[in-house]
Amino acid sequence: MFFFQLSDPKYICYMGRDKHENEGLIQYGWPEDVWFHVADMSSAHVYLRLPTGEGANWEEIPEAILEEASQLVKNNSIEGSKKACVGIHFTPWSNLKKTNNMEVGAVSFFDDKLCKNRKCEKNRELVKQIEKTRSDDQTPDLDRLRLKRDKAEREAKKALAKQAEKNKKDEERQRAEEREERSYDKLFEKMEDTVTTNKDLSEKYKDFNEFEDDFM
């Protein structure tokens with residue numbers, strides 16, 4: 001399994017050594033992966049792993065990254081590398097369809113409409129830049145890596161759900177405190193309306209006897 005560094009380090013690009021390793025990539029790909037292949041020709045299976053979160057939309061991959069992945073897959077096609085321009089198919093990993101009657105390394109699509117096409121013209125300089133970053137993992141444990149990825153996703157979702165629940169309780173407590181504060185304010189307002197001060201009494205009554213007669 002080969003890895004390549006692209007111009008934006010948020011994106012990871014990798015491909016299988018041969019058709020047998022491609023089988024593992026098909027089986028244990030990630031939801032963030034986008035598959036690239038030269039149209040109508042034999043080529044390597046190149047995968048672009050998108051960053052999670054906002055950058056995970058495969059239809060909004062930056063043009064520079066699309067071009068780099070396209071150049072890589074073109075260069076790793078015996079026939080395609082010789083041509084001035086080729087077509088490139090790319091689609092989410094989740095759209096790859098593999099059935100038992102297919103040859104090793106072969107795939108089709110669940111939905112052809114989810115497969116996009118682009119042209120790729122030969123660019124030797126860009127290919128050289130990308131190939132210089134090539135690294136090799138001869139024994140990738142694809143199953144373990146996928147399980148690790150899924151576990152991290154579950155834990156992240158749990159943490160988000162826990163935080164959302166905490167935020168909800170905090171908001172409910174704040175609203176309750178505000179309601180209680182408003183009820184006290186109203187109570188004090190009523191008390192102020194009903195309480196008669198000494199000043200009020202002095203203005204109404206000339207002396208205590210007059211007040212006492214009125215009270216009785």
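Select Ile61. Leaving aside neighbours within four places in sequence, Ile61 is in contact with Val34, Leu48, Leu50 and Leu66. Keep in mind that this is a predicted model.

**The main core**

Now widen the selection. Ile61 belongs to the largest nonpolar core, which has 27 residues. Val34, Phe36, Leu48 and Ile61 touch the most other members. Colour by secondary structure to see where the core comes from. Strands E1 (2–5), E2 (12–15), E3 (33–38), E4 (46–49) and E5 (85–92) each supply at least two residues. Helices H2 and H3 (124–131) each do so too. H2 gives the most, with five residues. As a rule, in soluble globular proteins, nonpolar side chains tend to be buried together.

Another core lies apart from this one. Nine residues make up that second core, and Met1, Ile26, Trp35 and Trp93 are among them.

**Helix H2**

Select residues 63–75. This is helix H2, 13 residues in length. Check its span with a distance between the end C-alpha atoms: they are 18 Å apart. The expected span at 1.5 Å a residue is also 18 Å, so the two agree.

How many of the 13 residues of H2 are buried? The count is 10, so the helix is largely enclosed by the rest of the structure. Show them as sticks: Ile65, Leu66, Glu67, Glu68, Ala69, Ser70, Gln71, Leu72, Val73 and Lys74. In general, an α-helix has 3.6 residues a turn, so residues three or four places apart point the same way.

**Arg118, against H2**

Go to Arg118, in strand E8 (residues 116–121). Is Arg118 buried or exposed? Its relative accessible area is 14%, so Arg118 is buried. The cut-off for buried is under 20%.

Turn on polar contacts. The side chain of Arg118 makes one with the side chain of Glu67, at 2.9 Å. Another goes from the Arg118 side chain to that of Ser70, at 3.0 Å. Glu67 and Ser70 are both among the buried residues of H2.

Then expand to everything Arg118 touches, not counting residues up to four places away in sequence. The set is Glu63, Leu66, Glu67, Ser70, Val86, Gly87, Ile88 and Phe90. Phe90 is the next stop.

**The rings around Phe90**

Select Phe90. At 5% relative accessibility, Phe90 counts as buried. The structure holds five aromatic pairs. One of them is Phe36 with Phe90, and that pair is stacked. The ring centres are 5.3 Å apart, with 10° between the planes. Phe36 sits in strand E3 and Phe90 in strand E5, so the pair links distant parts of the chain, 54 residues apart. Both of these phenylalanines, Phe36 and Phe90, are buried.

Add Trp58. Its ring and that of Phe90 have centres 6.0 Å apart and planes at 75°, so this pair is edge-to-face. Trp58 lies in the loop between E4 and H2, 32 residues from Phe90. Trp58 counts as buried, at 12% relative accessibility.

Move to Phe3, Tyr14 and Tyr47. These three form one aromatic cluster.

**The cysteines**

Select Cys85 and Cys120. How many disulfides are there? The count is zero. The closest cysteine sulfur to that of Cys85 is in Cys120, 7.2 Å away, too far for a bond. The cut-off for a disulfide is 2.5 Å.

Compare the surroundings of two cysteines. Cys85 is partly exposed, at 35% relative accessibility. Cys115 is buried, at 11%.

**From H3 back to H2**

Select Lys128, in helix H3. Its relative accessibility is 48%, so Lys128 counts as partly exposed. Place a C-alpha to C-alpha distance between Lys128 and Leu72: it reads 9.6 Å. In sequence, Lys128 and Leu72 are 56 residues apart. Leu72 is one of the buried residues of H2.

**Zoom out**

Show the whole protein. There are six helices and nine strands. Of its 216 residues, 32% count as buried. Finish with a contact map, taking contacts with a separation of 6 or more. Residues 24 or more positions apart account for 68% of them.

Definitions and conventions: Residues numbered from 1 in each chain as written. Predicted model: local features only at pLDDT ≥ 70, side-chain atom pairs only at ≥ 80, totals over all residues. Heavy atoms only, no water. Buried < 20%, exposed > 50% of the residue type's maximum accessible area, 1.4 Å probe, protein only. Helix = DSSP H or I, 4+ residues; strand = E, 2+ residues; numbered from the N terminus. Polar contact = N/O pair within 3.5 Å; in protein donor to acceptor, adjacent residues only side chain to side chain. Contact = heavy atoms within 4.5 Å. Expected span 1.5 Å × (residues − 1). Core = buried A, V, L, I, M, F, W, Y, C linked by side-chain atoms within 4.5 Å. Phe/Tyr/Trp six-rings, centres within 6.5 Å; stacked < 30°, edge-to-face > 60°.
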